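Please look over the sequence and the three-dimensional structure below before reading on, and keep both at hand while following the text.

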Amino acid sequence: MTFGFDPADALGPDWREGRWIGRIDRGAGPTPVLIEHGVVHDMAMVAPTVAELVARGTLDASAGEPIGELDALGLSVGAIPRLLSPIDLQCVKAAGVTFATSALERVIEEQARGDASAAASVRARLEERIGGGLARVEPGTPEAATLKAALIEEGLWSQYLEVAIGPDAEIFTKAPILSTVGWGAEIGVRSDSTWNNPEPEVVLLVAPDGRAIGATIGNDVNLRDFEGRSALLLGKAKDNNASCSLGAFVRLFDDRFTMNAVRNAQVTLRIEGADGYELDGASSMDQISRDPEELVRQALSEHQYPDGFVLFLGTLFAPTKDRDEPGRGFTHKPGDTVSIAMPGLGRLVNRVTTSKAAPPWEFGVVALVRNLAARGLLAA
């Protein structure tokens, strides 16, 4: 599988105006880079990892080695110079059930016990009782507590509604460090899953001091059948080989691109199947139930992240358009092409396979340390 890397598509038409951070492999191993005014700067001699580069706080491209214009490097996912996932040692966190629509869909999964064929009837009953009212409730308020009491009395309460409108957000660890895949890579769903979907999301890059310093696009691949059977299966539903993809580079916040661009973003998604199936969807970030910076605060809570972290902000997209049998909704098939786009961040494109068939994750922390040591990048 190959996609031609075009910065104007992968990063958006204004990519030269942005400042970007990420990783490429020039042949020796992972190399952190900064991109300014369209020029790629090798930052390995400044800091050997993206995590340390962010922790230092300078992010000064002039301190690195300019290696050429991004659109002239010939980056690909299968040859040198190779495009890599833009993060390395950062913890990969995710916020769940941050939109009313996704909250309802999680409740549907739970009450349908992970059976896609039962989802339609459950959805109709919940929408009749709750409907758009959930979107108007601010989490953690007395109004939310009143709604909770009413739903408990009617037997409609759920653990998913607790994190949707209760005081505490759902924050979980999506994937191990170094396991994310990047633009153009294959993404994996478990081979034994029969109900799953992509989750198009904005992802924040957060420094060790808790500041969100940039954003990219992500796909928080989800298995609805596993999580629907039991929330305790969240690990299996979320953390599988190649099940977490990130955009080509992270755009750093500046005067042109701020957190307000995230707050007001329209994230779009398109799925094109090898069988001719097509599906389009959108996620409006202004409908999120908790502000992105509040989600960062809750992710930090009583925890430290000395290497920083990235945080998936959640999605309101939950596809219900039938693919095969009426009433069963959507599920992935190998060969699906998934494209996620947002103004200012460009487009993330991946092709679906199974987690068994995807390239195995073999480059872990030990391999990274050995590689950096061999290149002489660990000296003080």
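The paragraphs below go through aromatic pairs, a buried threonine, salt bridges, backbone geometry and a surface patch.

The model shown here is a predicted one, and every value in this text is computed from it. A convenient place to begin is with the aromatic side chains, of which the structure holds 4 pairs. One of these pairs is formed by Phe-5 and Trp-183, whose ring centres lie 5.3 Å apart with 85° between the planes, an edge-to-face arrangement. Phe-5 belongs to the segment before α1 (7–10), while Trp-183 sits in the loop between β7 (170–175) and β8 (186–189), so the pair ties together parts of the chain that are 178 residues apart in sequence. Both Phe-5 and Trp-183 are buried. Another pair is made by Phe-253 and Phe-257, which counts as stacked because the ring planes meet at 25°, with the centres 5.6 Å apart. Here again the two partners, Phe-253 and Phe-257, are buried.

The loop between β6 (91–96) and α3 (100–111) contains Thr-98, and it is worth asking what surrounds this residue. Is Thr-98 buried or exposed? Thr-98 has a relative accessibility of 1%, and therefore counts as buried, the limit for that class being under 20%. Leaving aside residues up to four places away in sequence, Thr-98 touches Ile-288, Ser-289, Leu-295, Leu-313, Gly-314 and Thr-315. With one of these neighbours there is also a polar contact, in which the side chain of Thr-98 reaches the backbone oxygen of Leu-313 at 2.9 Å.

Charged side chains offer another route through the fold. Side chains of opposite charge can pair when their charged atoms come close. In this structure there are 25 salt bridges. One of them joins Glu-65 to Arg-26, with 3.6 Å between the closest N and O atoms. This pair links distant parts of the chain, since Glu-65 is in strand β4 (residues 65–69) and Arg-26 is in the loop between β1 (20–25) and β2 (30–36), 39 residues apart. Glu-65, with a relative accessible area of 43%, is partly exposed, and Arg-26, at 39% relative accessibility, is also partly exposed.

A salt bridge between residues with nearby numbers is that of Asp-192 with Arg-190, where the closest N and O atoms are 2.9 Å apart. Asp-192 has a relative accessible area of 43% and is partly exposed, and Arg-190 falls into the partly exposed class at 22% relative accessibility.

Lys-333 and Asp-275 also form a salt bridge, and their closest N and O atoms are 3.4 Å apart. Which parts of the chain does this pair link? Lys-333 lies in the loop between β17 (309–312) and β18 (337–342), whereas Asp-275 lies in the loop between β15 (266–272) and β16 (278–284), 58 residues away in sequence. Lys-333 is partly exposed, with a relative accessible area of 28%, and Asp-275 is partly exposed at 44% relative accessibility. The two residues belong to a network of salt bridges that links Asp-275, Arg-323, Asp-324, Lys-333 and Asp-336.

The backbone deserves attention as well. Most residues other than glycine have a negative phi, and most peptide bonds are trans. Against this background, the peptide bond that joins Ile-80 and Pro-81 is cis, with omega about 0°, and Pro-81 is placed in the loop between β4 and β5 (82–83). Leu-59, although not a glycine, has a positive phi of about 50°; Leu-59 is found in the loop between α2 (50–56) and β4, and counts as buried at 11% relative accessibility. A positive phi, near 75°, is likewise found at Leu-178. Leu-178 lies in the loop between β7 and β8, the loop that also holds Trp-183 of the edge-to-face pair, and with a relative accessible area of 9% Leu-178 is buried.

Finally, the surface carries a nonpolar patch of about 240 Å², made by Val-365, Val-369 and Leu-378. Of these residues, Val-369 is in helix α11 (residues 365–374), and its 42% relative accessibility is why Val-369 counts as partly exposed.

Key:
Residues numbered from 1 in each chain as written. Predicted model: local features only at pLDDT ≥ 70, side-chain atom pairs only at ≥ 80, totals over all residues. Heavy atoms only, no water. Patch = residues over 30% accessible without salt bridge, like charges linked within 9 Å, V, L, I, M, F, W, Y side chains within 5 Å. Areas by Shrake-Rupley, 256 points an atom, 1.4 Å probe, with all protein chains shown as cover. Salt bridge = Lys/Arg side-chain N within 4 Å of Asp/Glu carboxyl O. Helix = DSSP H or I, 4+ residues; strand = E, 2+ residues; numbered from the N terminus. Buried < 20%, exposed > 50% of the residue type's maximum accessible area, 1.4 Å probe, protein only. Polar contact = N/O pair within 3.5 Å; in protein donor to acceptor, adjacent residues only side chain to side chain. Contact = heavy atoms within 4.5 Å. Phe/Tyr/Trp six-rings, centres within 6.5 Å; stacked < 30°, edge-to-face > 60°.
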